[in-house]
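Please walk through this structure with attention to how its parts meet one another, beginning with individual stretches of chain and moving on to the surfaces they share.

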Amino acid sequence: MTPALSVRGLTKSFDALKVSDGISFDVAWGELHAIIGPNGAGKTTLIHQLSGSLAPDAGRILLGGHDITRLSMAARARRGLARSFQITSILAGLTALENVALAVQARSGSSFRFLRQVARESALNDQAAEALAAAGLAGAEDRSAGTLSHGEKRQLEIAIALAMQPKVLLLDEPLAGTGHRESAALLDLIAGLKGRLSIVLIEHDMEAVFALADRISVLVYGRLIATGTPDAIRADAQVRAAYLGDEEGA
Amino acid sequence: MRLSDRAMLVTFAVLLPMPALFSAMGEPFLTVVLTRALIFAIAALSLDLILGFGAMVSFGHAAYLGIGAYAAGILAANGVTGLEVQLPVALAAAGAFALVTGAISLRTRGVHFIMITLAFGQMAYFLMSSLSAYGGDDGMALAGRSTLFGADPFGSSLRFFYVTLALLAGIWALLRAVTRSRFGRVLTGTRENETRMQAIGFSPFGYRLTAYAISGMIASVAGVLLANHAAFVSPSYMGWARSGEMIAMVVLGGMGTLTGPVLGAIAFILSEEALARLTTHWRLPFGAAVVLAVLFTRGGLLGALRGRR
Ligand SMILES: Nc1ncnc2c1ncn2[C@@H]1O[C@H](COP(=O)(O)OP(=O)(O)OP(=O)(O)O)[C@@H](O)[C@H]1O
Ligand SMILES: [Mg+2]
């Protein structure tokens with residue numbers, strides 16, 4: 001079966017710095033694929049290229065077997081690729097519900113409709129409220145997104161992504177900067193999504209990664225040095241030397 | 001009801017009896033001044049759609065005022081005075097100019113967008129200045145007042161006032177619907193965070209360009225009215241100074257509120273008129289007053305109504 005997402009020979013340099021160095025990996029349907037690596041390894045740059053906000057210098061990206069390498073970010077989103085941002089990116093002046101309802105609107109019919117009041121479209125509102133509840137934000141519908149706490153904004157990003165009903169979800173450090181209780185809730189949420197869609201998860205919380213991931217890829221200085229099950233990665237000598245070693249004390 | 005809507009209804013209710021009040025005061029000319037303010041209120045409303053809801057700071061919006069005025073002026077000079085022809089021509093010309101210049105301008109952002117809209121506005125200005133058949137630099141007197149299926153909607157200052165007020169109300173209601181529609185929400189979303197909108201699947205360009213064209217077309221309606229009001233058309237309607245004044249009206253009243261630009265335009269035109277009566281050196285204090293008003297009423301006049309926070 002064609003994988004949900006295939007990356008082939010992805011290469012990207014910022015001047016002399018090679019941030020993606022021939023990266024290739026597959027994500028199967030329903031797989032949760034974690035990408036770990038030290039700060040500055042090029043994880044976010046990889047997500048940017050997958051989502052379409054940065055163009056690679058070389059290489060190909062396939063979504064469900066279709067080449068999306070040259071598609072815009074918006075076109076990729078419409079084909080079922082959703083992402084969250086490492087640095088929170090929401091519509092601060094709109095309410096939480098409006099943020100999510102826009103994501104529903106994007107995949108339900110034309111938005112070149114000028115007269116009917118969008119706030120009265122219950123189909124949009126109902127699905128948006130559902131996604132908010134799934135992300136743990138029930139009750140926050142009418143709050144202005146800019147006034148949410150940091151953790152709530154992270155939850156809102158996930159609600160927006162869920163409302164897109166994506167085939168592949170890219171999560172760039174969804175737990176970053178969240179408190180204990182919030183990150184536990186987010187982890188529950190991600191665990192609940194497992195198997196229903198393909199997820200690429202970037203996360204520094206190793207405990208969470210090894211518990212959640214079906215497979216893990218290790219990125220160091222722009223190169224994938226290993227891909228495998230959590231057990232295989234834990235046992236991999238090269239990974240221990242390059243990355244895990246200093247944390248687990250080999 | 002939202003504060004903005006309530007303020008607008010109160011404004012309409014206050015405006016309605018004004019002509020009667022002015023003639024009772026023995027100052028019927030004030031009706032003419034107020035009509036001019038309402039014409040600029042329409043223009044400011046149209047600018048607010050792109051400035052306040054779309055974060056597109058156009059410094060060339062007066063071009064559309066000029067396109068409307070010249071559509072009326074040139075057609076009238078050729079014997080066509082009917083609004084049933086003049087308005088569609090003005091709308092089509094403004095829409096076409098907006099689509100072409102917008103398609104180019106909207107590839108830029110920020111200061112570049114301001115500069116390029118300014119440049120297109122000045123191009124329209126110089127184009128009209130060079131039309132010697134239609135008065136060139138000096139402009140030309142309107143050959144005949146616009147008619148509507150043979151009727152004479154601008155025949156008296158009273159009728160002119162109420163026709164303009166009705167148009168303003170209609171356009172306000174139209175833009176209120178547009179800004180609350182699916183389209184309006186996408187436009188507001190691109191104002192808030194373009195990347196986020198792309199990440200959920202919207203390509204902002206088409207929505208921005210559509211808003212830009214709607215905005216230009218509505219401004220051209222104000223241009224047709226302005227030509228009739230002054231009984232004159234001139235390139236000076238299209239200059240960058242006029243574009244700047246329109247931005248000031250929107251910001252003064254409160255961007256992105258619809259009611260704000262209406263209040264801003266009325267306040268702007270009336271205080272301009274009042275200061276001009278007091279002193280011939282009115283431009284300096286007027287400029288200072290606008291700056292202070294913008295500085296001290298965050299969110300414009302409507303923001304001041306909401307109360308300080
Ligand atoms: N736009 C850019 N221009 C130049 N260099 C960049 C740019 N973006 C990122 N870099 C550099 O590329 C490298 C990889 O950055 P990236 O943000 O992808 O790392 P990361 O793995 O996500 O790190 P972290 O774990 O800290 O989020 C870093 O050295 C960074 O400084
Ligand atoms: Mg990163």
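Residues 247-270 of chain B are 79% helix and 0% strand, and the C-alpha atoms at the two ends of this stretch are 16 Å apart. In residues 205-227 of chain B, by contrast, the end C-alpha atoms lie 33 Å apart, and that span is 100% helix and 0% strand. Both stretches carry the feature "transmembrane region" in an unreviewed UniProt entry, which also places that feature at residues 34-55, 62-81, 87-106, 113-134, 154-175 and 282-305 of chain B. The model is predicted, and what follows should be read as a description of that model.

Chain B meets chain A through a contact that takes 26 residues from chain B and 35 residues from chain A. About 2,700 Å² is buried between the two chains, with carbon and sulfur atoms giving 62% of that area. On the side of chain B, the residues B:Arg182, B:Arg185 and B:Arg196 supply 36% of the area buried against chain A, more than any other three residues. One of these arginines, B:Arg196, also joins its side chain to that of A:Glu157 in a salt bridge, with 3.3 Å from N to O. The interface of chain B and chain A holds three salt bridges, together with 15 residue pairs in polar contact.

The elements of chain B that each supply at least two residues to this surface are helix H7 (157-179), helix H8 (182-192), helix H9 (194-199) and helix H10 (204-230). H8(B) gives the most, with seven residues, and the residues on the side of chain B that touches chain A divide into eleven nonpolar, ten polar and five charged.

Chain A has an interface of its own, between domain 1 (1-80 + 167-250) and domain 2 (89-165) in the domain assignment. The centres of these two domains, taken over C-alpha atoms, are separated by 26 Å, and their contact takes 14 residues from domain 1 and 13 residues from domain 2. The area buried between the domains of chain A is about 990 Å², of which 69% comes from carbon and sulfur atoms. Within domain 1, A:Glu182, A:Leu186 and A:Leu189 lose the most area to domain 2, together 38% of what that side buries.

Zero salt bridges are found across this domain interface, although three residue pairs are in polar contact there. Strand S7 (168-172) and helix H6 (180-193) of chain A are the elements that give two or more residues to the side of domain 1 that touches domain 2, and H6(A) gives the most, with four residues. The residues on that side of domain 1 divide into eight nonpolar, two polar and four charged.

Terms used
Residues numbered from 1 in each chain as written. Chains lettered and ligands numbered in written order. Predicted model: local features only at pLDDT ≥ 70, side-chain atom pairs only at ≥ 80, totals over all residues. Heavy atoms only, no water. Domains from an automatic or database assignment. Contact = heavy atoms within 4.5 Å. Buried area = accessible area lost by both parts, 1.4 Å probe. Salt bridge = Lys/Arg side-chain N within 4 Å of Asp/Glu carboxyl O. Polar contact = N/O pair within 3.5 Å; in protein donor to acceptor, adjacent residues only side chain to side chain. Nonpolar A, V, L, I, M, F, W, Y, C, P; charged D, E, K, R; others polar. UniProt positions renumbered as here; feature names shortened; annotations may be inferred.
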